[in-house]
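Let's walk through this one by asking how each label is earned.

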Amino acid sequence: MGTRPRERGEIVLAAAIVMIVVQLVWKFGLVRRTYFRQDDFTFIARGLEQELSWDYLMRVDYGHLVPGPFAVHWAMGRLGVYNDVLAHAITIGLQAAAGLALLWLLKLLFGARPAILVPLGLYLLTPMTISSLSWWAVVIETLPFQVALPMALGSQVLHARTGRFRYAVATAGWAVLGMVFYVKAPFILVLAFVLTVGWLPRARRRPAWLLYLAVIAVYAAVFFRQLFTSVQLTNDTVRPALPDPAVAASFAWKLLSGSFVPAALGGPWRWHPITEDYAIAATPPAPMWAALGVAAVAVAASLVYRRRAWLAWLTLLAYFVLADVVPVMIGRVAQLGPDLGGMELRYVSSTAVVLALVVGLAFIPVQGEERPWLRPPPRLRHAWIPLAAAVAAGSVWSVTAYARLPLGEHVRSYVETGRLALQRAPAGAVILDAHVPARVVEPQFFYDYARVSKVLGPLAADRPLTWARRLSGPLPNPLAFDPEGRLRPVSVEGLTIPQRGGCTPVPGRETRFPLPLPMPRGEWTVQIGYLNPAATRLAVRLGGAEETVPAAKDFGWTFATVTGGGAELVVRTVDGGTACVGEIRVGVPRPARHGTPTPLQPVTAGRR
């Protein structure tokens, strides 16, 4: 009889390990289809450009002090540039570590009883973390935090029960590790304080609290110094500002009612794709209100029976407001708007581990807790099973719906096609440094880091290629990337000025070429064909400043990029000689639609 509790505990732990392994296999089916996206390319490009220095690591990127991820991006760029296999292995490894860390914490707090499988299963299944798993930059910030938080709290439990200061040092160490990777990590030590005061009241606290306070103070000093001095991609510094109160309230409500609560109960059930490889929650109104009702009933039930359940739910609410709502409210909600920002599950993905802990504290007595119940709980030991089954079924439905997205398929195809195109490009080729498609990197957000030289250039760092943002001079065969990642000859699309009789002599005085239609003011590329008796230089003007470019001897063409507009193009030689100008094109350089692409077909996932 004395061995039965131990045997039951071993069975519980074995079941928990099986649950963790099964969810890893399940989630790997989604993770392996993901690829780098958006600012992933920017972070890897920045890592390749810079040394592993203090300035590089400690730059605050729009409110995020993340030296750990910056170090990982720096290494990633040197381990295959876009090594998605390595990224997937790290993702699954961190997910496994997070599940095991939470299991360890639950076992320490509540013992190896079957009840701990419920909060563990909630964390393993919740769709709250799914969209984050499809974005590498989010993975490498949030998953280390989800490992560090339960490890720190577990160490704090050991410190509270034994009084050994080395466990307090371990708590601080895990918190610091979390701070290296994620801006929300200082809340780990706040949670340690609440957990100790609420459920471990006999702990000897003062030395530990002084240590934790010192850690938070040092972090805050470093964070705010870097926050107000780090230069962003917009070449300015951060100026935090509170949004309009109505916008802030709308965002907080939508994040709670449309994202957090439904996802905690298996939602959002439906997704709204914002790109081919990512989606935000699109919780239907009826399930949203049903989820809010179920959550209210669950909270009320715990408050009726469980002592200090109020503290558990208050902790979750405070964490949600301070860690999930306030940072976005200060930094991004003005740009995103309450609707888009409020349905963004990655803002609450890391809260999944806090939710699991709070659910445990609200319903399961802590080991050694005196008088855990306000009144005897009802003898309905299995009443939670239908709710758990419904949440599990909803979670599987929601994750399956998200997995129907193309995920990284199209972006991977673009990058791998570009890799092959650069391998086959002729040595010394001039490539137009235009922006990549917005589905790969959005130029509106990432500026120069959305150019092909930044995204695809690292794949051919050892090749003698020239990247040109503006076409200038007699370039024989400039190339440009098409939307699929293939290289094609450049074609200037716009207006054409044909020449009668072959070519028009252009002396040192201005020669005017009327345009078929007036050109609006802007930056335009001019392609001029010529047949010259000797090399010369041409001055080209379109209602603005002149641009001077060389024109070689014999037959060829030269390019000039001019700023201006009007109904005529003015050309002259600048050295007193005479050029013979042929066909002129004025417009925008693009990949030629009918030019032979390299490679002939885009690379697909099955042909890698």
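Q: What makes a stretch a helix or a strand here, and how many of each are there in the protein chain?
A: Helices (H or I, at least four residues) and strands (E, at least two) are DSSP runs, numbered from the N terminus. On that basis the protein chain has 21 helices and 14 strands.

Q: What kind of model is this?
A: It's a predicted model, where local features need pLDDT of at least 70, side-chain atom pairs count only at pLDDT 80 or more, and totals for chains, interfaces and linings use all residues. Residues are numbered from 1 along each chain as its sequence is written, and side-chain values use heavy atoms, with hydrogens and water left out.

Q: Why is helix H2 called largely enclosed?
A: Buried means under 20% relative accessible area (exposed is over 50%, partly exposed in between; 1.4 Å probe, protein chains only). In H2 (residues 39-49), nine of the 11 residues are buried, so the rest of the structure largely encloses this helix. Among them are Phe41, Phe43 and Ile44, along with Asp39 and Arg46. For the protein chain, 53% of the 608 residues count as buried.

Q: Why are H1 and H5 called roughly antiparallel?
A: Axes are lines fitted to C-alpha atoms, for helices over the stretch in contact, and angles run from 0 to 180 degrees between N-to-C directions. Angles under 35 degrees count as roughly parallel, over 145 as roughly antiparallel, 65 to 115 as roughly perpendicular and the rest as oblique. The axes of H1 (residues 4-31) and H5 (residues 84-110) cross at roughly 155° and come within 10 Å. The two helices are therefore roughly antiparallel.

Q: How do you know which residues of H1 and H5 meet?
A: Contact means heavy atoms within 4.5 Å. Residues of H1 that meet H5 include Leu13, Ile17 and Phe28, and on the H5 side they include His88, Ile92 and Leu103.

Q: What makes S10 and S13 a pair?
A: Two strands pair if DSSP finds at least two bridges between them. S10 (residues 511-532) and S13 (residues 554-573) have 16, in the antiparallel sense. In this pairing, Phe513 stands opposite Leu569 of S13.

Q: Which strand also pairs with S13, over four bridges?
A: That's S11 (residues 536-541), again antiparallel, and Arg541 has Val570 in S13 as its bridge partner.

Q: How do you know S3 and S4 pair, and what joins them?
A: S3 (residues 271-275) and S4 (residues 278-281) share four antiparallel bridges, and His272 is partnered with Ile280 in S4. A hairpin of two residues joins S3 to S4.
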